[in-house]
Amino acid sequence: MTAPRHPADVLFEEGDAVPALPVCDHYCGVEARMRKSLALQAEMGPVFDITLDGEDGAPVGGEVEHAHLIAELATSAENRFGRVGARVVPVDHPAFVPMLEALLPKAGAALAYLMIPKPRHLADLAQAVETIDALSAQAGLAKSIPLHALVETHGALRDVFALAAHPRIESLSFGLMDFVSAHRGAIPQSAMSSQGQFQHPLVLRAKLEIAAACHAAGKVPSHCVVTEFKDSAALQGAAERACRQLGYTRMWSIHPDQIRPIVDAFAPTAAEVDQAIEILQAAQAADWAPIRHRHAGRDQLHDRASYRYFWQVLQRAHRTSFAGGAQLPAEVQLAFFGAH
């Protein structure tokens, strides 16, 4: 008898794969908070990325020194899982190249990604990519560092489909505060709140455009921050709306207390996981031919189109499983994720 074929080998064509990023991206820039975040990641497992912030987290004029600190932390034993990235300054900032010259030779191989803030258009991203790749080659890096970018200007939103389609981009994030500020008071402050950002038409349009562009290009859309970090209910509601209504598969955290609620909100429910396991196991037993499956008292037909959806549910469950608290049964974990 031949071994059951794995869904990743059967359900997708070459080039269909989307980067399997953790659902939470935690930002920190002060040294003490960066070290605490690394310790928390070691405790919870790689259910969230850490972005060491060299833009807003660096003292004005001290960006290069801050880049050296980021390089030190990224290459330390505290980076347990290789899921640490760095945000640099915009491409037109005088410290852009000096920061990269500090980061890449020492930490380029250890960084999971670089975040490029405030591109004004596709040309800014192209210039950043050219500079990063040239300096990476000079540093002798064997890999191309994945790149993320922040959509927070009018021009970036205009070019968002081209930004998402760029082969060096892995994820696009929405920069809420800078986007609202770019409207020079035409969008009220309330649109930056946890509720208002889902109600103002211009903000909502931007979020939908980013999500649509990312999904069209097979990239990861990352939702913006919620600044009311002490209001857990507001955060939970925003994370659930971002995931369930707007199609985001990742979200920013700016305080350690936000990490677990974000991961929980982006995790599938127990009922969704159970249904996905039943259907995928039956499909695998049928060698991925169409099957009939009874759910909620009704017979339903499933084929490869729905199998892809349910496989993505299981992948999300796997990515949102905290250390010591996996969502998936051990035998399912082993069969689908253990040795593949």
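Does Val203 count as buried or exposed, and what is the relative accessibility behind that label? In this predicted model, Val203 has a relative accessibility of 0% and therefore counts as buried, since buried means under 20% relative accessible area.

**The surroundings of Val203**

Val203 belongs to helix α9, and, leaving aside residues up to four places away in sequence, Val203 touches Phe174, Leu176, Phe179, Val180, Ile187, Ala191 and Gln197. One of these partners, Leu176, stands 27 residues away from Val203 along the chain, and yet the C-alpha atoms of the two residues are separated by 7.8 Å.

**Two helices that pack together**

Further along the chain, helix α13, which covers residues 304–319, packs with helix α14, which covers residues 330–338, at an angle of about 105°, and the axes of these helices are 11 Å apart. Angles of 65 to 115 degrees count as roughly perpendicular, and α13 and α14 are therefore described as roughly perpendicular to each other. On the α13 side the contact involves Trp311, Leu314, Gln315 and His318, which meet Val332, Gln333, Phe336 and Phe337 of α14. Sorted by class, the residues in this contact of α13 with α14 are 5 nonpolar and 3 polar, with no charged residues.

**The two largest pockets**

The table sets out the volume and the classes of lining residues for each pocket.

| Pocket | Volume | Nonpolar lining | Polar lining | Charged lining |
|---|---|---|---|---|
| Largest pocket | about 770 Å³ | 14 residues | 7 residues | 7 residues |
| Second largest pocket | about 580 Å³ | 13 residues | 7 residues | 9 residues |

The largest pocket, with a volume of about 770 Å³, is lined by 28 residues, and those closest to its centre are Val18, Thr249, Gln312, Gln315 and Arg319. Helices α9 (201–217), α10 (232–244) and α13 each supply at least two residues of this lining, and the largest share, 7 residues, comes from α13. Gln315 thus has two roles in this description, as it is among the residues of α13 that meet α14 and also among the residues closest to the centre of the largest pocket.

The second largest pocket is lined by 29 residues, and Tyr27, Asp53, Arg87, Val225 and Ile254 lie nearest its centre. The elements that give two or more residues to the lining of this second largest pocket are β1 (24–28), α2 (31–44) and α8 (176–181).

Notes. Residues numbered from 1 in each chain as written. Predicted model: local features only at pLDDT ≥ 70, side-chain atom pairs only at ≥ 80, totals over all residues. Heavy atoms only, no water. Axes fitted to C-alpha atoms, helices over the stretch in contact; angles between N-to-C directions. Helix = DSSP H or I, 4+ residues; strand = E, 2+ residues; numbered from the N terminus. Parallel < 35°, antiparallel > 145°, perpendicular 65-115°, else oblique. Contact = heavy atoms within 4.5 Å. Nonpolar A, V, L, I, M, F, W, Y, C, P; charged D, E, K, R; others polar. 1 Å grid on protein atoms, 1.4 Å probe; cavity = no way out; pocket = protein on both sides within 12 Å on 5 of 7 lines; lining within 4 Å. Points joined across faces, edges and corners; volume = space filled by probe spheres on them. Buried < 20%, exposed > 50% of the residue type's maximum accessible area, 1.4 Å probe, protein only.
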